[in-house]
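Visitor: Got a minute to walk me through this one? I'd like to start with the overall picture and then poke at some details.

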Amino acid sequence: MGKRICRSYGQQTHKARLLKKQSVRTATSLSHGGTGGPSFFQRLPVEVLHIILDQLSVLEMSVFSMVSKEITKYVLDYISSQKWRNKTIIQSFHPSACPEQKCTVEHYRHLGLLYKRCTLLLPTKDRLKLIFSKFSQIPCFMLEQCLVPGCTAFVSFGVFLKTLIAGWDELESHRVFNCLCVVTNLMQKTEGIITAKPGVQPHRELQLRLFCRCVLLDPWANQPECQFWLTQLLKPWPMVSQAHLLFILYGPLQPGGILGWQDVVERALTPGSLWSLAEAISFLFGKPELKGWTTPLMFSIVMELTAVPEPWHLENLARFLLLCGNHVSYTVLASKALFGHVSEVSRLIIYIILVCEKDGYHMSWVVNIVQQIFKVFSTSTERFFFIQHLENSFSQLTREICESIAENQAEDREMLFILLESSARFHTKFLHTLLK
Ligand SMILES: [Zn+2]
């Protein structure tokens with residue numbers, strides 16, 4: 001752990017640099033303390049030292065704490081006092097304190113640096129115990145302790161934690177996760193939520209989502225650490241519960257902030273609604289060989305996920321696959337085809353074509369996928385059967401929409417036009433690819 005002393009600690013203020021310079025001289029004299037008697041700081045009454053430390057900002061103190069082992073100890077003692085904690089660990093997380101919220105998040109970034117630097121020489125276990133014992137006393141940082149809408153404590157906690165553990169290796173990160181689980185009771189709370197029926201505990205589901213997203217996942221967006229934390233959250237549970245938990249973490253929300261469990265089943269959602277969920281799947285299975293997230297597991301999770309709480313509306317499933325990309329789409333369609341579900345695959349492909357037309361994706365992507373699925377079938381009879389099903393699905397969906405229009409479902413008129421246009425575009429591209 002001691003080798004971290006050599007790392008860069010980011011920008012320092014002029015005042016902090018001066019302090020450091022001064023203190024380096026003090027530290028030099030301390031190193032000769034064996035012959036020179038007590039150091040300058042040792043000679044100071046503790047009250048005077050505290051008056052000096054009182055003048056420093058959190059960031060300055062974090063720099064000062066790195067001057068020598070002795071100074072680190074002084075700073076650690078100082079910030080362990082109730083007086084300092086009452087003054088410095090601010091808790092303006094609620095919307096009434098709105099103008100301060102950005103400052104609060106920044107303040108927690110500085111606190112993360114301070115704790116990172118002044119606990120540098122302690123073993124990881126002791127560092128975490130010391131830090132979490134302090135911060136677990138803040139009710140807004142704990143799961144299900146604060147129900148004030150718009151509370152930003154989890155965001156501040158996430159920024160604090162990221163700053164604190166940036167650069168830590170995987171073993172140390174495992175310790176952080178275990179410590180966090182003990183302090184927040186995360187595993188027991190997660191189990192209580194994912195084993196219940198979806199949507200019966202909406203506020204608990206939302207608390208779990210906010211905590212995991214703000215504290216562990218979102219601060220590391222698009223970084224390998226995000227995959228690490230997501231794996232820690234999912235790994236303890238069976239595959240069905242993993243799918244359930246993924247929906248809680250990344251599923252679409254209703255305007256009121258509650259998870260849209262029924263929305264995915266009952267109606268086609270807006271194009272952006274499933275983006276986060278698709279991104280999480282792509283992220284998890286981006287490098288399966290590294291983390292044990294295999295293709296068969298991916299197929300099973302996607303199948304479970306898109307059947308929670310009941311099988312999704314086909315347009316949502318089609319859009320979700322499209323957003324997940326080529327690998328996931330091909331795996332799902334090809335696996336279904338191999339299991340003999342040709343009608344289901346054909347109808348799903350028609351919806352993918354429809355979504356391509358609606359959302360403006362290039363039709364050549366679907367043509368390519370259809371060609372790949374075509375090759376999954378080994379005999380010419382099976383291949384003909386597949387194409388026949390595909391064309392029949394076009395006719396069947398057209399007929400269904402026409403019947404719906406006849407029943408005065410006026411909004412389906414536009415759907416029919418889109419379907420006809422998508423059909424024309426798909427067949428144009430398909431024939432062009434075959435004939436050239
Ligand atoms: Zn709160």
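Visitor: So how much of the chain counts as buried?
Guide: Of its 436 residues, 30% count as buried. Buried means 20 or more other C-beta atoms within 10 Å of the residue's own, exposed means 12 or fewer, and partly exposed is in between, with C-beta atoms placed from the backbone.

Visitor: Any caveats on the model and the numbering?
Guide: This is a predicted model, so local features need pLDDT of at least 70 and side-chain atom pairs count only at pLDDT 80 or more, while totals for chains, interfaces and linings use all residues. Residues are numbered from 1 along each chain as its sequence is written.

Visitor: How many helices and strands are there?
Guide: The chain has 25 helices and zero strands. Those are DSSP runs numbered from the N terminus, H or I of at least four residues for helices and E of at least two for strands.

Visitor: And what share of the contacts is long-range in sequence, joining residues at least 24 apart?
Guide: That's 71%, among contacts between residues at least 6 apart in sequence. A contact is two C-beta atoms, placed from the backbone, within 7 Å.

Visitor: Let's go inside. Which residues have the most contacts within the largest nonpolar core?
Guide: L246, L321, I349, I352 and V366, in a core of 98 residues. The largest share, ten residues, comes from helix α22 (residues 342-359). A nonpolar core here is a set of buried Ala, Val, Leu, Ile, Met, Phe, Trp, Tyr and Cys residues joined through C-beta atoms within 7 Å.

Visitor: What does I352 touch?
Guide: A318, L321, L322 and V366, leaving out residues up to four places away in sequence.

Visitor: L246 was on that list too. Is its helix, α15, mostly covered or mostly open?
Guide: Mostly covered: nine of the twelve residues in α15 are buried. They are Q242, A243, H244 and the run L245, L246, F247, I248, L249 and Y250.

Visitor: What do they pack against?
Guide: Five helices: α12 (186-194), α13 (202-217), α14 (224-234), α17 (275-284) and α19 (295-305).

Visitor: Compare that with α6. Which residues are buried there?
Guide: In α6 (residues 69-79), I71, Y74, V75, Y78 and I79 are buried. Looking down the axis of α6, they fall within an arc of 120°, so they line one face. The arc is taken from the directions between the helix axis and the C-beta atoms.

Visitor: What about V67, where does that sit?
Guide: V67 is in the loop between α5 (58-64) and α6. It is buried, with 22 other C-beta atoms within 10 Å.

Visitor: Switching to helix pairs, at what angle do α21 and α23 pack?
Guide: About 35°, with the axes of α21 (residues 326-338) and α23 (residues 363-376) 10 Å apart. Axes are lines fitted to C-alpha atoms, for helices over the stretch in contact, and angles run from 0 to 180 degrees between N-to-C directions. On the α21 side the contact includes S329, Y330 and L333, and on the α23 side I369, Q372, I373 and V376.

Visitor: Backbone oddities now. Which peptide bond is cis?
Guide: The one from V308 to P309, with omega near -5°. P309 is in the loop between α19 and α20 (314-324).

Visitor: And what's the phi of E144?
Guide: Positive, about 60°, although E144 is not a glycine. E144 sits in the loop between α9 (124-135) and α10 (153-165), and it is partly exposed, with 13 other C-beta atoms within 10 Å.

Visitor: Where is N185?
Guide: In the loop between α11 (170-184) and α12. N185 also has a positive phi of about 60° without being a glycine.
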